[in-house]
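Q: Please take a close look at a single part of this fold and describe it with its partners and surroundings. I would like one connected account rather than a list.

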Amino acid sequence: MAQFSRYVRPGYRLVPVDDLDTAGALSADGRTLVLVHVNGGLNPRRLAISLRGWSSRAIVTDATRHAQPISGTTAPPRSVLTLVLRRG
């Protein structure tokens with residue numbers, strides 16, 4: 001899927017997250033964290049994460065949107081939500 005290859009770049013390392021539907025990857029310099037969440041369900045799913053000290057942007061892909069920016073941390077039904085977090 002493009003959400004993984006577009007935002008998780010070479011040199012990033014996978015980091016543990018406490019959600020089986022989410023993959024996390026941290027840049028080599030530790031300044032960028034990418035979370036890719038797959039919501040295969042029929043209901044929206046809000047991701048509960050602390051954004052203190054991070055700026056964020058969210059990108060969603062679903063049946064009607066292809067890698068479009070959205071606001072918030074709620075994954076629409078049957079979608080892939082990518083959060084790109086940067087320190088500073």
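A: Thr32 stands opposite Arg86, a residue of strand S8, and this pairing is a convenient place to enter the part of the structure built around strand S3; the model is a predicted one. S3 covers residues 32-39, S8 covers residues 79-87, and the two strands run antiparallel, joined by eight bridges. S3 also pairs with strand S2 (residues 22-26), again in the antiparallel sense, here over five bridges. Within that second pairing, Gly24 has Leu35 of S3 as its bridge partner. S2 and S3 together form a hairpin in which five residues lie between the strands, and Gly30, in the turn, has a positive phi of about 75 degrees.

The loop between S2 and S3 also holds Ser27. Ser27 counts as buried because its relative accessible area is 5%, below the 20% limit for that class. Setting aside neighbours within four places in sequence, Ser27 is in contact with Tyr12 and with Thr32, the residue that stands opposite Arg86.

S3 itself is mostly covered, seven of its eight residues being buried. Two of its residues, Leu33 and Leu35, belong to the largest nonpolar core, an 11-residue set that also includes Leu26, Trp54, Val60, Leu81, Leu83 and Leu85. S3, S5 and S8 each supply at least two residues of this core. A second, separate core has seven residues, among them Val34, Val80 and Val84. In a regular strand the side chains alternate between the two faces of the sheet. With that in mind, it is worth noting that Leu33 and Leu35 are listed in the largest core, whereas Val34 is listed in the second one.

The other end of the S3 and S8 pairing can be followed through Ser79, which is found in S8. Ser79 is classed as buried because its relative accessible area is 3%. Beyond residues up to four places away in sequence, Ser79 touches His37, Val38 and Asn39, and also Val60, Thr61 and Asp62. For Asp62, which is 17 residues from Ser79 in sequence, the C-alpha to C-alpha separation is 4.5 Å.

Strand S5 (54-61) is preceded by a loop that follows strand S4, and Leu51 has its place in that loop. Leu51 is partly exposed, because its relative accessible area is 32%, a value between the 20% and 50% limits. Outside the residues up to four places away in sequence, Leu51 touches Ser56 and Leu85, the latter being one of the residues of the largest core. The C-alpha atoms of Leu51 and Leu33, which are 18 residues apart along the chain, are separated by 11 Å.

S3 also takes part in the surroundings of the largest pocket, whose volume is about 200 Å³. This pocket is lined by 14 residues, of which Asp18, Asp19, Thr22, Ala48 and Ile49 are the closest to its centre. The elements that give two or more residues to the lining are S3 and S4 (45-46). In composition, the lining divides into nine nonpolar residues, one polar residue and four charged residues. S3 is thus a strand that pairs with S2 and with S8, supplies residues to the largest core, and gives residues to the lining of the largest pocket.

Key: Residues are numbered from 1 along each chain as its sequence is written. This is a predicted model: local features need pLDDT of at least 70, side-chain atom pairs count only at pLDDT 80 or more; totals for chains, interfaces and linings use all residues. Side-chain values use heavy atoms; hydrogens and water are left out. Buried means under 20% relative accessible area, exposed over 50%, partly exposed in between (1.4 Å probe, protein chains only). Helices (H or I, at least four residues) and strands (E, at least two) are DSSP runs, numbered from the N terminus. Two strands pair if DSSP finds at least two bridges between them. On a 1 Å grid over the protein atoms alone, a cavity is a set of points where a 1.4 Å probe fits but cannot get out, and a pocket is an open set with protein on both sides within 12 Å along at least five of seven lines; lining residues have an atom within 4 Å of a point. Grid points are joined across faces, edges and corners, and a volume is the space filled by probe spheres set on the points. Ala, Val, Leu, Ile, Met, Phe, Trp, Tyr, Cys and Pro count as nonpolar, Asp, Glu, Lys and Arg as charged, and the others, Gly among them, as polar. Contact means heavy atoms within 4.5 Å. A nonpolar core is a set of buried Ala, Val, Leu, Ile, Met, Phe, Trp, Tyr and Cys residues joined through side-chain atoms within 4.5 Å.
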